[in-house]
Amino acid sequence: MCPRDAPRRYAHPKIVIEYCDRSNSQSTQASPLEACTSTSGWETGATSWCPFATFAAQVRAMASWPSIEIGGRKVEGISIAGQETCIILPQLSLALDTGRCPQRSAFQRTVLLSHAHMDHIGGLPFHVATRALQGLPPTTVVLPSCVAKATEGLLEAHRALDGSEMRCDILPCKPGDELVLMNKLICRPFQTFHPVPSQGYTLFSRKQKLKAEYIGRPSEEIRDLRLSGQVVTEQLETCELAFTGDTGPEFITAEGSADALRARLLIMELTFLDDKVAPESAHEMGHMHIDDLVDHADKFKNEHILLIHFSARYSAAQIFENLDDRLPADLRKRCIPFMNGFLDYSKA
């Protein structure tokens, strides 16, 4: 996990990675309670919140919370291949998959599930039950349509075992659909490639922008045009974030993936990093190999790429070494490895 000594920072252009002991009153990072009630975020103004200070105090009492800030966007959680993946975006009250439901993830109102392997869905009943226990609004679960019935069966079994209602809202969807999330972001699934049914998600913000022909005109004139019924603005849509879940490299060239490859932040799996596992073997398992990233380097137009889901066979030092040695320089400077859970990160 993260070191317990004084905060240690790792520099990267536009990125700050800081690990600190949140039980230490000297820490400059926000407490979990402050993070839960934060109103900072993207222009959509999304907010996560916590009405129960006692529950937040339990979280604050946890020894450490690893947090990564990428271009002003806070990312938390953990992702280790075959063990658990749960990416937490507290400013959006959003969790991407929930393998074992880290306690912090229970504060997130919405869960986007990429597929139903246990290291990605296993924590869902606990997430739903925890929110119910604390009196928080029910979890909203967005998931592939074809696994909705089985997921409801999973929750029903836990309701019977737990003896409680465990309310949640299940929203099945498929590539081509569009959902408006609680944080006002537009969610569009896209096709991914894994041995079981799977999909990734792109999240868009929308805002109104003054049309080019009216820029620079007096405000009174703009007002009069509006009052006369003239449309003076146009809708601007920005792909803020994309999440692949588990997938092979076919998604890179698949129809419908263009938005993911230009998202401001792409959260993408990269399970295998060396030649001990051949790319072909990685693809058979429905996973990415570092050679895939190299081969398609020119297709990634993202500002930042958060690489997740590394195999547990790698140490932190090996992860950094392979990324540094094998990725093209322009791509490498945009790639951030998600190291939470790799025990020797402090030595890397």
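# Reading a predicted model, feature by feature

Biologist: How many bridges join strand 12 to strand 13, and in which sense do the two strands run?

Modeller: Strand 12 and strand 13 (residues 233-243) run antiparallel, joined by 10 bridges. Bear in mind that this is a predicted model. The register can be read from individual partners: T202 stands opposite A242 in strand 13, and Q208 has Q235 as its bridge partner in that strand.

Biologist: What does strand 11 do with strand 12?

Modeller: Strand 11 (residues 186-191) pairs with strand 12 (residues 199-210) in the antiparallel sense, over 6 bridges. One point of register there is F190, opposite G200 in strand 12.

Biologist: In what order do the strands of the open sheet follow one another?

Modeller: The sheet has 7 strands in the order 10-11-12-13-14-15-16, and its pairing is mixed. Strand 10 (179-180) and strand 16 (335-337) are the edges; each has a single partner strand, so one side of each has no neighbour in the sheet.

Biologist: Before more detail, how many helices and strands are there in the protein?

Modeller: The protein has 11 helices and 16 strands. It has 348 residues, 53% of which count as buried. Its accessible surface is about 15,500 Å², with 52% belonging to carbon and sulfur atoms. For contacts between residues at least 6 apart in sequence, 62% join residues at least 24 apart.

Biologist: How do I read a single helix, say helix 5, and what span does it reach?

Modeller: Start with length. Helix 5 (residues 148-162) has 15 residues, and from first C-alpha to last it reaches 21 Å, close to the 21 Å expected at 1.5 Å a residue. Then ask about burial: A148, T151, L155 and R159 are buried in helix 5. These residues cover an arc of only 85 degrees around the axis, so they lie on the same side of helix 5.

Biologist: Which residues are exposed on the other side of helix 5, and what covers the buried ones?

Modeller: K149, A150, A160 and L161 are exposed on the other side of helix 5. The cover over the buried residues includes helix 3 (118-121), helix 4 (124-133), strand 8 (139-144) and strand 9 (168-173). Just after helix 5, G163 has a positive phi of about 70 degrees.

Biologist: What should I make of phi when the residue is not a glycine?

Modeller: Most residues other than glycine have a negative phi. Exceptions are therefore picked out for a closer look. D97 is one of them here, with a positive phi near 65 degrees. D97 lies in the loop between strand 6 (94-96) and strand 7 (110-112), and is buried with a relative accessible area of 0%.

Biologist: What is the phi of C101, and is C101 buried or exposed?

Modeller: C101 has a positive phi of about 50 degrees, although it is not a glycine. C101 lies in the loop between strand 6 and strand 7 and counts as buried at 5% relative accessibility.

Biologist: How is a pair of aromatic rings described?

Modeller: By the distance of the centres and the angle of the planes. A search of the whole structure finds 2 aromatic pairs. In one, the rings of F190 and F251 have centres 6.3 Å apart and planes at 35 degrees, so the pair is tilted. That pair links distant parts of the chain, with F190 in strand 11 and F251 in helix 7 (residues 250-253), 61 residues apart. F190 is buried at 3% relative accessibility, and F251 is buried at 0%.

Biologist: Which class does the pair of F310 and F342 belong to, and why?

Modeller: The pair is edge-to-face, because the planes stand at 70 degrees and the class takes angles over 60. The ring centres of F310 and F342 are 6.3 Å apart. F310 sits in the loop between strand 15 (304-308) and helix 10, while F342 is in the segment after strand 16, 32 residues apart. F310 counts as buried at 0% relative accessibility; F342 is buried too, with a relative accessible area of 5%.

Biologist: Last, where does N322 lie, and which residues is N322 in contact with?

Modeller: N322 lies in helix 10 (residues 316-326). At 14% relative accessibility N322 counts as buried, because the cut-off is under 20%. Leaving aside neighbours within four places in sequence, N322 is in contact with L273, D274, I290 and L327.

Note on methods: Residues numbered from 1 in each chain as written. Predicted model: local features only at pLDDT ≥ 70, side-chain atom pairs only at ≥ 80, totals over all residues. Heavy atoms only, no water. Pairing = 2+ DSSP bridges. Helix = DSSP H or I, 4+ residues; strand = E, 2+ residues; numbered from the N terminus. Buried < 20%, exposed > 50% of the residue type's maximum accessible area, 1.4 Å probe, protein only. Contact = heavy atoms within 4.5 Å. Areas by Shrake-Rupley, 256 points an atom, 1.4 Å probe, with all protein chains shown as cover. Expected span 1.5 Å × (residues − 1). Arc of directions from axis to C-beta. Phe/Tyr/Trp six-rings, centres within 6.5 Å; stacked < 30°, edge-to-face > 60°.
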